[in-house]
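Subject: Handing over a structure, with notes on what was found

Dear colleague,

I am passing on the structure below, and I would be glad if you could read it alongside these notes. They start from one residue and then move to other parts of the chain.

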Amino acid sequence: MLKHSLLLLLLTLLTLAASAQSKHTISGYIKDGANGEELIGATVYIEELKSGTTTNVYGFYSITIPDGTYTLVYQYIGFDARRDTIELTKDVTINIEMVGESKKIDVVEVTGERLNKNVEDVNMGVVKLDVKVVKKIPAVFGEVDIIKSLQLLPGIVGAGEGVGGFFVRGGGVDQNLILLDEAVVYNASHLLGFFSVFNADAIKDMEIYKGGIPAEHGGRLSSLLDIRMKDGNMKKLSMSGGIGLISSRLTIEAPIIKDKMSFLVSGRRTYVDLFLKASKNEEINQNKLFFYDLNAKYNWKINDKNRIFASGYFGRDVFAFGQDFATDWGNATATFRWNTLINSKMFANFTFVFSDFNYSLGVPQGAFAFDWQARIRDFSFKADFTNYLNPNNTFKWGAIATHHNFKPGSVEPASDESLFNSLVIPDKNAMEYAAYVSNEQKIGEKITLQYGLRYSAFSQIGSGRVFSYDAEGNVTDTTTYSNFEHIKTYHGPEPRVAMRYGWNKENAIKANYTRTRQYLHLISNATVSSPFDIWLPADRYIQPMKADQVSIGYFRNLKENMYEISVEAYYKYMHDVIDYVDNAELLLTENIETQLLRGDGYSYGLETMVKKQLGRFTGWVSYTYSRTRRIVDGINGGKEYPVSYDRNHNLAVVLNYQITERFDISANFVYYTGLAVTFPVGRFEYQGANVPIFSDRNGYRLPGYHRLDLAANIHFKHKEGKRWRDSLSISVYNAYFNKNVFSIQFQPDEDDGSKTAAYKTYLFPIIPSITYNFTF
């Protein structure tokens with residue numbers, strides 16, 4: 001019996017070995033043939049097996065299949081499909097350069113197979129925005145804005161006009177992980193929220209995850225916005241730019257060594273301050289008001305297996321009102337990445353990241369002269385591995401470590417006659433770690449599973465000091481910690497599970513569950529975020545936040561993928577969210593934990609979207625119904641209350657019509673429920689002063705917000721044989737001049753001081769703009 005068992009085992013091993021020997025791997029990179037940029041999410045489809053794979057974020061693909069003769073079809077939206085026939089008898093590398101808008105006989109036209117990505121992918125709650133589409137959307141002052149474009153998608157809302165940040169499925173503005181070439185961007189707004197920090201001319205790809213965040217990412221509760229910069233043209237020198245009413249931009253990219261090494265430099269600057277200087281009025285010409293961005297990237301293909309990227313972003317806003325007040329803030333990021341192919345089935349990426357956000361404000365001179373500084377700074381190292389096991393399994397694993405340094409604030413007198421004294425809130429430091437594993441598995445043609453586990457840990461470390469308090473909140477003791485001495489550690493698992501069942505290429509049902517943890521908190525008691533809010537780590541008193549989200553959706557494509565329909569429902573429960581005591585004092589407060597309250601929250605919603613993606617007339621209509629509530633002891637008598645950004649109804653209509661090859665028009669309309677606010681509902685007199693009585697927390701709402709924007713793009717005639725192309729973009733923001741309420745203030749009535757009057761503030765009237773664009 002033993003001999004038979006051993007013989008059977010031997011035969012099994014020989015069979016498996018023979019099977020393994022009869023399989024080989026096809027791998028390579030898929031690029032844009034015009035500039036050498038790697039294409040993210042391009043499809044490799046094997047007709048005989050009716051299966052395939054897609055390229056990763058670096059344009060790499062790998063698929064292992066039995067030996068034989070196969071027809072491979074390479075596809076990417078906006079490019080002609082390419083069909084190759086190969087006889088597979090060994091591992092082969094096939095690098096592909098896709099041709100855009102080609103009419104050559106040796107390629108076939110793009111079919112609809114790639115356009116049903118929303119049906120065939122296991123991910124849900126994920127939207128990829130094409131930069132070309134974003135550039136056609138009308139924008140205030142003609143400035144293309146990625147963040148504002150995201151707010152036209154279901155499940156994503158903004159805080160309002162002139163305010164930075166966005167909210168995803170009931171999460172706060174600090175619960176969005178924003179990455180630019182894998183570096184964290186802590187503040188994504190210019191001019192207090194009028195514009196985003198992302199120059200669209202420098203961006204290659206952007207994708208937002210509202211749910212089902214991949215296991216390789218974490219640190220935020222609600223969403224991941226993954227933005228990738230262009231790598232730089234590997235083929236030839238190219239330039240693009242534009243001149244608008246308030247800003248201009250220029251991008252230069254070129255090969256250093258053709259097909260081997262390239263660079264990109266992209267800059268943008270407003271010039272309102274230049275007009276101010278032209279004024280003869282000293283109260284005007286001494287003011288400053290501008291922002292700038294600088295993106296840079298270096299790309300070196302060492303050989304077919306190794307590649308290095310180095311990229312950076314530097315941006316800043318500067319305000320100065322003569323000698324009365326000055327402030328500035330900005331981000332700086334740097335990313336160094338090494339891609340390597342360990343073998344034809346294993347791709348590795350090693351990344352070092354630096355991220356810094358800082359701000360200052362103050363009064364330059366006089367008795368009240370001061371200078372206030374604050375900052376958050378990160379250093380991270382990350383290793384990611386992808387193993388393309390077979391056509392049905394893609395296995396990923398990796399780890400990341402980050403050092404955080406928090407400078408909550410310091411104030412110094414700015415002149416000898418200043419009445420201010422020095423005040424420094426001690427720095428805080430922390431280490432954040434995570435490791436993950438995940439696998440995407442196809443079970444037949446109808447079922448796809450994606451399952452993974454992320455385990456994260458967070459340690460607050462010295463140097464620093466920690467206070468002890470009595471029941472009334474008075475300090476009773478202070479403990480001092482030296483450099484890197486352990487203060488407090490939190491850790492826990494973050495499982496991620498997703499499932500797709502598709503009964504054909506046009507219909508699919510998807511579901512997922514995600515657990516996320518967040519160890520950083522943005523401290524602000526304002527209704528909306530500002531650059532001057534404070535980032536703090538989880539510590540002995542401030543707990544990390546946790547969220548559990550479940551979602552389910554139905555996805556349907558019609559008329560050979562011309563129309564895309566999706567319906568998604570979600571429920572999210574959030575633990576240990578932060579809110580504030582009434583009349584909280586948060587600025588330059590070392591005992592800030594005494595101003596905070598901890599509770600739970602939940603959000604649920606239904607998101608619908610209908611999108612037309614082929615033909616001259618394209619666009620989408622999205623509608624979201626949602627509710628977000630908090631329950632915090634010490635607020636609202638312990639009863640639940642809506643968060644300020646709770647918007648029950650959110651409607652967006654985005655339309656584009658290509659009238660001719662050189663002329664297109666577009667429009668977008670938005671409506672959403674007004675912000676939830678706390679209003680005074682009465683008053684009483686105390687010692688001769690009127691004292692307001694306020695409603696329940698966020699018991700009232702501002703009026704609903706609605707706006708129509710229009711735009712037209714005129715492409716001038718292109719001269720045959722010339723590379724210069726130019727166009728004119730004309731847009732009208734708030735076309736029917738709706739006075740959307742920004743805020744309501746309650747003050748004594750001008751005619752009768754014994755009464756209280758409400759005064760509304762509006763920001764934007766109708767704003768026309770024109771921008772001249774060019775490429776070379």
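Is Asn 429 buried or exposed? With a relative accessible area of 10%, Asn 429 is buried, because buried means under 20%. Please bear in mind throughout that this is a predicted model, and that what follows was computed from it.

Asn 429 lies in strand β28, which covers residues 428-443. When its neighbours within four places in sequence are set aside, Asn 429 is in contact with His 403, His 404 and Asn 405, and also with Ser 459, Gln 460, Ile 461, Gly 462 and Ser 463. Arg 454, by comparison, is 25 residues from Asn 429 in sequence, and the two C-alpha atoms are 23 Å apart in space.

Ser 51 can be described in the same manner. Ser 51 belongs to strand β3 (residues 51-54), and at 19% relative accessibility Ser 51 counts as buried. Apart from neighbours within four places in sequence, the contacts of Ser 51 are Val 44, Tyr 45, Ile 46 and Pro 391.

Turning to the nonpolar interior, the largest nonpolar core has 71 residues, and the members that touch the most other members are Leu 153, Phe 166, Leu 180, Phe 198, Ile 208, Leu 225 and Trp 620. What does Ile 208 touch, not counting residues up to four places away in sequence? Ile 208 touches Gly 125, Val 126 and Val 127, then Leu 150, Leu 153, Ile 156 and Phe 166, and finally Leu 224 and Leu 225. There is also a second, separate core of 19 residues, and Tyr 61, Tyr 74, Tyr 76 and Ile 86 are among them.

Nonpolar residues also form a patch on the surface, of about 970 Å², whose members include Met 499, Trp 503, Ile 509, Val 550, Tyr 571 and Leu 606. The elements that give two or more residues to this patch are β32 (486-504), β36 (545-558), β37 (563-580) and β38 (596-612). Ile 509, one of the patch residues, is found in strand β33 (residues 507-518), and at 35% relative accessibility Ile 509 counts as partly exposed.

The next part concerns three strands and the pairing between them. Strand β19 (residues 247-257) and strand β20 (residues 261-270) run antiparallel and are joined by 10 bridges, with Met 261 in β20 as the bridge partner of Ile 257. The hairpin of β19 and β20 has 3 residues between the strands, and in this hairpin Asp 259 takes a positive phi near 65 degrees. On β20 there is a further pairing, in the antiparallel sense and over 9 bridges, with strand β21 (residues 288-303), where Asn 299 stands opposite Ser 262.

Charged side chains come last. Side chains of opposite charge can pair when their charged atoms come close, and a search of the whole structure finds 39 salt bridges.

One of these salt bridges involves the hairpin residue Asp 259, which pairs with Lys 235, the closest N and O atoms being 2.9 Å apart. Lys 235 lies in the loop between β17 (223-229) and β18 (238-243), while Asp 259 lies in the loop between β19 and β20, so the pair ties together parts that are 24 residues apart in sequence. Lys 235 is buried, with a relative accessible area of 19%, whereas Asp 259 counts as partly exposed at 36%.

Another salt bridge joins the side chains of Asp 293 and Arg 268 (2.5 Å, N to O). This pair links distant parts of the chain, with Asp 293 in strand β21 and Arg 268 in strand β20, 25 residues apart. Asp 293 is buried, with a relative accessible area of 3%, and Arg 268 is buried as well, with 4%.

Why does the pair of Lys 128 and Asp 205 tie together parts that are 77 residues apart in sequence? The two side chains meet in a salt bridge (3.0 Å, N to O), and Lys 128 lies in strand β9 (residues 126-129) while Asp 205 lies in strand β16 (residues 203-209). Lys 128 is partly exposed, with a relative accessible area of 30%, whereas Asp 205 is buried, with 6%.

Finally, some charged residues are linked in a network of salt bridges, including Glu 37, Asp 181, Lys 204, Arg 228, Arg 337 and Asp 384.

With best wishes

Notes. Residues are numbered from 1 along each chain as its sequence is written. This is a predicted model: local features need pLDDT of at least 70, side-chain atom pairs count only at pLDDT 80 or more; totals for chains, interfaces and linings use all residues. Side-chain values use heavy atoms; hydrogens and water are left out. A nonpolar core is a set of buried Ala, Val, Leu, Ile, Met, Phe, Trp, Tyr and Cys residues joined through side-chain atoms within 4.5 Å. Buried means under 20% relative accessible area, exposed over 50%, partly exposed in between (1.4 Å probe, protein chains only). Contact means heavy atoms within 4.5 Å. Patches are made of residues with over 30% relative accessible area and no salt bridge: like charges are joined within 9 Å, nonpolar side chains (Val, Leu, Ile, Met, Phe, Trp, Tyr) within 5 Å. Accessible areas come from the Shrake-Rupley method with a 1.4 Å probe; for residues, only the protein chains shown count as cover. A salt bridge is a side-chain nitrogen of Lys or Arg within 4 Å of a carboxyl oxygen of Asp or Glu. Helices (H or I, at least four residues) and strands (E, at least two) are DSSP runs, numbered from the N terminus. Two strands pair if DSSP finds at least two bridges between them.
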